[in-house]
Amino acid sequence: MKTGDRLSSVTACSLLTALFVCGAVFTAAAENASFSDKSLLSSAANTGFFFSFSAVFVCVFALSLIRGADAVRRSLLLISYCAYAVICMTLTDDAFFCLGACLILLPICVFVCGGAGLFAVGRRFLTAVCAAAFIYFAVFFSIQTVCRYLTLSTPCFDFGIFSQMFRSMSKTGPPYTTCERETMLSHFAVHVSPVYYVFLPVYMVFPSPVTLQIMQALTLASGVIPVCLICRRRGLSYAASAAFVLLYVLYPALGGGTYYDVHENKFLSPLLLWMFYFSESGKLPFSALFALLVCLVKEDAPVYVIFAALYYMVSSADKREKAAFA
């Protein structure tokens, strides 16, 4: 990189880092702050903010001039932005603001990974994106849903049913409930969802409704793996595969579904994706296993398997893919 280009990059990075650091500190320190309130902006427009901003900028800029500190400078930018974004997201209930904050994170990650040599390598960059996407989805929606439960803000009646059902499953085995139809009965008399037993071993170790919320977020986040594998099998580039992984975790309906609390339909996305991957790979045993798991989600879930089978049997040019559903 030329000296002029490097100086411009260092200056811009230092300015943004100083802005994010000071923004995070002053926003967190503001009393009864609301991100949509003009008073928050006026509280930052003071002499203290100016001097703090200048001091942080000088420190980061000086650090950036040290040979070998380029990775540190880029990491500081990423960390400061994440801290500022998280603090701001706690002050607003606007879903579009949260989505926008996540989208801004993408070019910052590309800038940071590019400086570390991850973007050019391809495989390492894709692995980093998959790991970051998994952690983002699992952690963000675990915290969101657990906090909703702990603050008695869960709006859906179903969560009470499933909490009681898992308690019964851990004690006696069958999924009995008393609040679903105002009498003692098995939940499977209403919806046939044996797939819930997949969560049971973890629930028996940590018997709490919080466990159900966290396990659901982890299950949905695990879908990034088959998405990545399908993209690579289809011949997509590393960059395109990373884009599809990000589209998966940023798809509003996927994360928004967790706000209806625990529900069997959340199993469908990752299980179907794994079924598609193994079907396209011609691995019959694993394809059959995940097709069976999809059928165990709910009584109407076999419809997905039927249409997937029709698609592969009619359109696939690969005999192994046809054989997987023949």
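In this predicted model, R232 sits over the face of Y238, with 4.0 Å to the ring centre. That charge-over-ring arrangement makes a handy way into the aromatic side of the structure, where 22 aromatic pairs turn up.

One of these pairs joins W274 and Y277, and its geometry is edge-to-face: the centres are 6.2 Å apart and the planes make an angle of 80°. Both partners belong to helix α14, which runs over residues 268-280. They are three residues apart there, or about one turn of the helix. As for solvent, W274 and Y277 are both buried. A stacked arrangement shows up for F278 and F286, whose ring centres are 5.0 Å apart with 25° between the planes. The two partners of this pair do not share a burial class: F278 has a relative accessibility of 10% and so counts as buried, while F286 comes out as partly exposed because its relative accessible area is 44%. The cut-offs behind those labels are under 20% for buried and over 50% for exposed, with partly exposed in between.

Aromatic residues also gather in a bigger group than a pair: F162, F166, Y196, F199, Y203 and F267 make up one aromatic cluster. Among its members, F162 and F166 are also on the list of buried residues of helix α8, so that helix is worth a look next.

Helix α8 is 14 residues long and covers residues 158-171. From the first C-alpha to the last it reaches 20 Å, close to the 20 Å expected at 1.5 Å a residue. Its buried residues are F159, I161, F162, S163, M165, F166, S168, M169 and S170. What do these buried residues of α8 pack against? The partners are three helices and a strand, namely α7 (123-150), α9 (200-205), α10 (209-221) and β1 (176-177). Just past the end of α8, G173 adopts a positive phi of about 110°.

Within α8, S163 gives a closer view of this packing. Is S163 buried or exposed? At 17% relative accessibility it falls under the 20% cut-off and therefore counts as buried. Once neighbours within four places in sequence are set aside, S163 is in contact with Y203, P209 and L212. Of these contacts, Y203 falls within the residue range of α9 (200-205), while P209 and L212 fall within that of α10 (209-221). Y203 also appears in the aromatic cluster, alongside F162 and F166.

Key: Residues numbered from 1 in each chain as written. Predicted model: local features only at pLDDT ≥ 70, side-chain atom pairs only at ≥ 80, totals over all residues. Heavy atoms only, no water. Helix = DSSP H or I, 4+ residues; strand = E, 2+ residues; numbered from the N terminus. Buried < 20%, exposed > 50% of the residue type's maximum accessible area, 1.4 Å probe, protein only. Contact = heavy atoms within 4.5 Å. Expected span 1.5 Å × (residues − 1). Phe/Tyr/Trp six-rings, centres within 6.5 Å; stacked < 30°, edge-to-face > 60°. Lys NZ or Arg CZ within 6 Å of the ring centre and 35° of its normal.
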